[in-house]
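Q: I am new to reading protein models. Please take a close look at one part, then work outward to its surroundings.
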Amino acid sequence: MGYNDYASGGILGQIPYALSPHARPARGPYDRPSTRAPAGVAVSAIAPVIEVDGLRKSYGERVAVDGVSFAVQPGEVLGILGPNGAGKTTTVEILEGLRTADGGAARVAGIDVLRDPDAVKGVVGVQLQASSFFDQLSLAELLELFGALFGVAVDAHALLRRVDLEDRASSEVRRLSGGQQQRFAVAAALVNRPRILFLDEPTTGLDPQARRHMWDLIRSFREDGTTVVLTTHSMEEAELLCDRVAIMDAGRIVALDRPAALVDALLGRGFRRPAAVQREATLEDVFLDLCGHGLRDGDEHGA
Amino acid sequence: MSITAPPEQQPAASPQSPAPRPQRPQSRRVGARRTLLVASLKMFYRNKHSIFWTLLLPVIILGVFALLDLGGGTTAQLGVVDEVHTAQSLKLVAQLQKSDLVSVHIGDSLAAEQSALSNGDRDAVLVITAKGDALTLNGAHSREADAARLVVDSVAAPQASPVAVTTVNNGRDQGYTDFLIPGIIALSVMQTGLFTVLYTFVHLRQRGILRRLKATPLRAADFLAAQVGTRLILAAAQTLILILIALLVFRIHIYGSVLWLLLIAVLGAAVFLALGFAISGSTGSVESAAPIANAIGLPMIVLSGVFFSRGGMPGWLHGITDVLPLTYLVDALRHVSYDGWGLLDLRTDLLGLAAWLVVSGALAVRLFRWELD
């Protein structure tokens with residue numbers, strides 16, 4: 001695939017990342033025809049696929065999630081931003097059926113998560129923080145194993161092609177680079193063809209090339225009409241990929257809106273950036289101009 | 001990579017039915033268990049460390065002990081039945097008890113001691129009667145029996161009547177290796193169950209591999225079933241290999257049924273697997289798993305008669321070690337292999353193992369955790 005296309009552009013050629021000439025491969029079985037609502041159509045008329053109301057969770061004395069409420073529309077990409085310990089991961093893990101909640105209500109794809117957490121696991125796709133996969137099994141074998149856990153047949157090569165890892169089908173996860181491991185985690189999240197994907201900090205710790213590659217992947221889910229809940233520390237990522245972002249702090253959502261609307265609201269309150277920071281390009285642009293956009297995840301952890 | 005021809009569209013990918021038809025929950029659970037079982041066996045086969053610890057290490061231990069014949073250093077087990085209780089006979093018994101070369105068991109009746117002799121628990125039995133003393137030697141343990149005879153002769157000689165000596169030869173030519181093999185089988189079964197489960201499982205949890213499995217519809221019971229199934233297969237394979245080596249290389253005699261040995265080994269493996277899972281439920285890291293596994297495993301290896309007979313233990317310690325799971329396993333295997341016992345003779349040991357299985361199995365299911373919060 002033409003990821004090296006990025007390398008041909010100079011600084012000026014790449015500022016609008018959204019216009020990057022990324023060629024999507026032909027549709028495979030894990031690509032879905034777009035069901036995304038055309039731009040400008042009010043999505044609020046459609047029933048939300050995720051509804052969270054007054055969710056609460058404490059670990060002993062520490063309140064991790066303190067009355068969180070939000071709704072996600074079908075096909076929407078919702079970003080959850082916030083400092084470490086803000087309650088992002090706890091919130092999404094409750095929605096994934098991995099954790100119990102102390103109070104509130106949550107429905108995912110029509111399933112009451114608090115009452116039937118196991119049912120949710122079958123219909124959503126999850127990429128978790130701080131998790132891994134068996135060693136001694138190849139990527140293809142792992143995907144087939146996960147398919148069996150969901151009770152579905154898996155075309156492992158098509159899935160790996162979807163995340164650009166088909167050439168590593170017979171490798172073990174520990175032989176992959178960080179970016180490849182994250183992409184594989186996303187592939188594993190796709191085995192049951194979920195219409196709702198939870199991605200928990202998928203780009204944390206990745207180099208800029210691998211990060212942009214992951215962005216392309218998330219963008220493709222968005223084009224397919226998959227609903228994505230994305231937690232991240234990267235403001236740039238949230239701005240580029242998310243229809244709306246929820247900013248969490250100390251277990252509460254302190255703001256929830258479109259990124260542009262949040263910025264406008266801030267400017268409306270009289271905020272001005274220090275002039276010295278306003279530049280045409282960033283250090284990351286310099287880095288990418290010098291090193292190119294090509295992925296460097298060949299064999300850095302290799303045998 | 002260039003753009004390739006579009007792959008065949010699967011019907012499942014059409015907009016009308018975007019998700020493949022899910023299987024019935026029951027068949028999905030069976031499929032998940034089977035796939036996990038096959039995957040676990042595959043992972044075991046590909047992991048050179050696990051092959052070493054489960055298959056090679058018991059063989060090496062067996063080789064070392066058999067070649068050094070460490071069993072030769074044990075004291076002779078001498079049963080004494082005093083039927084007269086005179087000052088002279090009490091003095092004789094007291095002198096025998098002072099000897100370092102024999103371990104004296106005061107028997108209640110001659111019949112009980114003779115039966116202990118015939119099943120190999122005694123190397124010699126001395127009976128003191130009004131008509132004279134008689135020593136019966138176990139022909140199968142000639143070295144230990146000779147040692148006992150020397151001790152008895154040296155103690156009894158200055159006294160009046162000579163000791164009449166008879167040798168009971170049960171026709172068996174059994175040495176230390178014959179005694180050792182069942183112990184080694186039990187040891188490696190415990191190793192596979194307790195140690196490798198504890199290590200593997202804590203490792204899987206520490207790395208978040210179990211956390212990822214928890215995010216699928218896989219049920220804990222199905223995961224445990226697949227893990228247990230894998231390791232029971234391994235335990236049976238391991239036992240079979242050890243039996244073959246014992247028969248072909250060490251040329252031991254197995255007097256009971258090999259099939260029974262295999263079944264007992266699998267039952268024992270289930271007990272130690274359950275114990276391993278129960279303990280791993282509350283063990284946070286691989287670093288803490290090692291001392292815990294050793295704290296449980298090593299005393300049992302010493303106390304359960306894996307390498308040496310428990311005959312020399314004091315009575316109070318006997319009472320404790322009698323009910324250890326490894327003791328039941330060692331005894332059951334040894335009774336089949338060394339003594340040629342049948343199923344009914346083994347009921348104490350089998351019931352003991354079954355009781356341990358029920359208790360530790362319940363604990364394993366109760367304490368199982370995909371992740372530590």
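In what kind of crossing does α2(B) pass α8(B), right-handed or left-handed?

A: The crossing of α2(B) over α8(B) is right-handed (the near helix is turned clockwise from the far one by less than a right angle). This is a predicted model, where local features need pLDDT of at least 70, side-chain atom pairs need 80 or more, and totals for chains, interfaces and linings use all residues. Residues are numbered from 1 along each chain as its sequence is written, while chains are lettered from A and ligands numbered from 1 in the order written.

Start with where the two helices lie. Helix α2 of chain B spans residues 48–68, and helix α8 of chain B spans residues 220–248. Helices here are DSSP runs of H or I with at least four residues, numbered from the N terminus. The axes of α2(B) and α8(B) come within 10 Å. They cross at roughly 30 degrees (lines fitted to C-alpha atoms over the stretch in contact, with angles from 0 to 180 degrees between N-to-C directions). That makes α2(B) roughly parallel to α8(B), which means an angle under 35 degrees.

Now the residues that touch. In α2(B), the contact is made by B:Thr54, B:Leu55, B:Pro58 and B:Val59. They meet B:Leu234, B:Gln238, B:Ile241, B:Leu242 and B:Ile245 in α8(B) (C-beta atoms, placed from the backbone, within 7 Å). By class, this contact has seven nonpolar residues, two polar and no charged. Nonpolar covers Ala, Val, Leu, Ile, Met, Phe, Trp, Tyr, Cys and Pro; charged covers Asp, Glu, Lys and Arg; the others, Gly among them, are polar. Why can residues a few places apart share one side of a helix? An α-helix has 3.6 residues a turn, so residues three or four places apart point the same way.

A second helix pair sits in chain B. It joins helix α6 (residues 176–206) and helix α9 (residues 258–280) of chain B. Their axes come within 8 Å and cross at roughly 30 degrees. That makes α6(B) roughly parallel to α9(B). Here too, α6(B) passes α9(B) in a right-handed crossing. On the α6(B) side, the contact residues include B:Ile185, B:Val189, B:Gly193 and B:Phe201. On the α9(B) side, they include B:Ala265, B:Gly268, B:Phe272 and B:Ile279. This contact divides into 16 nonpolar residues, five polar and no charged.

Step back to the whole of chain B. It has 13 helices and five strands (DSSP runs of E, at least two residues). Of its 373 residues, 40% count as buried (20 or more other C-beta atoms within 10 Å of their own). Among contacts in chain B between residues at least 6 apart in sequence, 80% join residues at least 24 apart.

Chain A is next. It has 10 helices and 10 strands. Of its 303 residues, 45% count as buried. Among its contacts between residues at least 6 apart in sequence, 68% join residues at least 24 apart.

One open sheet of chain A has six strands, in the order β6-β7-β8-β3-β9-β10, with mixed pairing (at least two DSSP bridges between two strands). Its edge strands are β6 (124–127) and β10 (252–257), each pairing on one side only. Neighbouring strands of this sheet are turned by 15 degrees against each other on average, direction ignored. Four bridges join β6(A) to β7 (residues 196–200), and these two run parallel. Across that pair, A:Val126 stands opposite A:Phe198.

Look closely at β8(A), residues 227–232. Six of its six residues are buried, so β8(A) is largely enclosed by the rest of the structure. A:Thr227, A:Val229 and A:Thr231 lie on one side, with A:Val228, A:Leu230 and A:Thr232 on the other. β8(A) pairs with β7(A) in the parallel sense over five bridges. There, A:Asp200 has A:Thr231 as its bridge partner. β3(A), residues 77–81, also pairs with β8(A) in the parallel sense over five bridges. In that pairing, A:Gly79 stands opposite A:Leu230.

A further open sheet of chain A has four strands, in the order β2-β1-β4-β5, with antiparallel pairing. β2 (62–72) and β5 (111–112) stand at its edges with a single partner strand each, so one side of each is left without a neighbour in the sheet. β1(A), residues 50–59, pairs with β2(A) over eight bridges. A:Arg56 stands opposite A:Asp66 there. Helix α2 of chain A (residues 88–95) lies across β1, β2 and β4 (103–108), running at about 120 degrees to β1(A).

Finally, take helix α9 of chain A, residues 259–268. α9(A) is hardly covered: zero of its 10 residues are buried.

Terms used:
Buried ≥ 20, exposed ≤ 12 C-beta atoms within 10 Å, placed from the backbone. Contact = placed C-beta atoms within 7 Å. Parallel < 35°, antiparallel > 145°, perpendicular 65-115°, else oblique.
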